[in-house]
Amino acid sequence: MPVSQSPSETSPDSLSGTRVLLIISGGIAAYKSLDLIRRLRARGARVRPVMTAGAQAFVTPLAVGALAADKVFTELFSREDEQDVGHIRLARDCDLVLVAPATANIMAKMAQGLTDDLASTILLATDRPVLLAPAMNPKMWSHPATRRNRETLAGDGIGFVGPGLGEMAESGERGEGRMAEPLEIVAAVEARLAKTQPTSLPGSGPTGPLSGRRAIVTSGPTHEPIDPVRYIANRSSGRQGHAIAAALARLGAEVTLVSGPVTLADPKGVTVVRVQTAVEMRDAVLAALPADIAVMVAAVADWRVADVAGGKIKKAPGEDPPPLQLTENPDILKTVGHHAQRPRLVVGFAAETDDTVDNGRLKLARKGADFIVANDVSAGSGVAGGVMGGTRNRVTVIGRDSEESWPELDKGMVAERLAALIAARLG
Ligand code: CTP
């Protein structure tokens, strides 16, 4: 059984009837937009292109128009275009606005609400979902100004795909800033459009392939106290678990998210139970049963301190450091995987630094899971910023009779694909 579709295997008419307004801004990655247009159209989307002046320095409107089989819009104050379509109609007459490549400049203009050309005016005037595929030099991407703009735009509900790690076409520099590949962008367009499907009556939750299903997700680290002021913890940020809870909710599931201490906002439409320790997490998960789906993403501490000191442990001059006696924590995934009320689908994660897939396969059997999402959390994993605490992930999804490696993706995209896999599996 195939575990999931890779981007290249998406259904040929997955975007049938959708209208994508594609804004191409000025960067060398604009050449990839030609392939992107082809891929979007191959899936049934109508692509209406808008090009900035900068984009036209890299690819010609003639080539873009020929591949899109549509008129290319370039001017804000074009008498002919304004009478014909008009920039407000251009901004609204689509299902999604995609900016690929999105330069640092266009992101900065969007974050400030500046409108000095057709592209930026459309981006301020649109009421449609907007997805950006940034592409720029790694130094520009990591600059505090760009990071601020990215945060602002994410807070405004703008979606992002990429950038990835790679070699810059123009300078040969390596780092994060390379535009996502066209197929990855197509997958993000599909996911973004799936999210904006109409929902049911207010208060009844979104409809979707998982409506009527209950899901439990664990996320984040656990904190195991040593004394009232100290604890044992790990680097987990909760990003992956929270994104999975949100993605399952968007597909209509009723989600209980049991979260260790994290600094993230609660995902929309999800019931959040906050805990500190592994024992509290286990209790909260068992209290949330029965459920159809369990996705155990939390980086649960394997051990806790056997005798937590009631007062702060003091150091005395000349004395040895106090010994820490540890005891094993309950294994929540294993408990759920073998529980009398075992959910129909149990998914675990495997954080590994060596032999990722072999260890993931052993965990699948040991813990009674249907899938293990194995990720390499070693410093040398090659994932930009590292997996634990970072924003990107590269995983191998191991099923009882299947195994599939996904490319390095935003944790949000990993969550979308995993939620889609779960929905497909529950049929
Ligand atoms: N897990 C759990 N309870 C624990 C430990 C782990 O529910 N006490 C879950 C995690 O949420 C994850 C899976 O088990 O879904 C694997 O976690 P991982 O830390 O990779 O494995 P461990 O079982 O802790 O094994 P080891 O540390 O020896 O690799």
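How far is an oxygen atom of the ligand from a polar backbone atom of Ala298? The points below take up this distance first and then turn to the nonpolar cores.

1. In this model, which is predicted, the separation between a polar backbone atom of Ala298 and an oxygen atom of the ligand is 2.7 Å. Phe349 also offers a polar backbone atom to the ligand, here at 2.8 Å from an oxygen atom, while Lys363 places a polar side-chain atom 2.6 Å from a ligand oxygen.

2. On its own the ligand has 570 Å² of accessible area, of which the protein covers 80%. The ligand is surrounded by 16 residues, and the closest of these are Met296, Ala298, Asp302, Lys363 and Lys367; Ala298 and Lys363 therefore deserve to be read together with the polar contacts, given that such a contact is a pair of N or O atoms within 3.5 Å.

3. The largest nonpolar core holds 69 residues, and the members that touch the most others are Leu40, Leu98, Ile185, Val189, Leu248 and Val295. Helix H15, which spans residues 411-426, supplies the largest share of this core with nine residues, and both domain 1 (7-195) and domain 2 (214-425) contribute at least three residues each.

4. Val189 may be examined individually: once its neighbours within four places in sequence are set aside, Val189 is in contact with Leu15, Val20, Leu40, Leu96, Leu98 and Leu131. Of these partners, Leu40 and Leu98 are themselves listed among the core members that touch the most others.

5. Separate from the largest core is a second one, made up of 28 residues, with Ile106, Leu118, Ile122 and Ala125 among them.

Methods. Residues are numbered from 1 along each chain as its sequence is written. This is a predicted model: local features need pLDDT of at least 70, side-chain atom pairs count only at pLDDT 80 or more; totals for chains, interfaces and linings use all residues. Side-chain values use heavy atoms; hydrogens and water are left out. A nonpolar core is a set of buried Ala, Val, Leu, Ile, Met, Phe, Trp, Tyr and Cys residues joined through side-chain atoms within 4.5 Å. Buried means under 20% relative accessible area, exposed over 50%, partly exposed in between (1.4 Å probe, protein chains only). Helices (H or I, at least four residues) and strands (E, at least two) are DSSP runs, numbered from the N terminus. Domain bounds come from an automatic or database domain assignment. Contact means heavy atoms within 4.5 Å. A residue is near a molecule or strand if one of its heavy atoms lies within 4 Å of it. A polar contact is a pair of N or O atoms within 3.5 Å; within protein, one must be able to donate a hydrogen and the other to accept it, and residues adjacent in sequence count only if both atoms are side-chain atoms. Accessible areas come from the Shrake-Rupley method with a 1.4 Å probe; for residues, only the protein chains shown count as cover.
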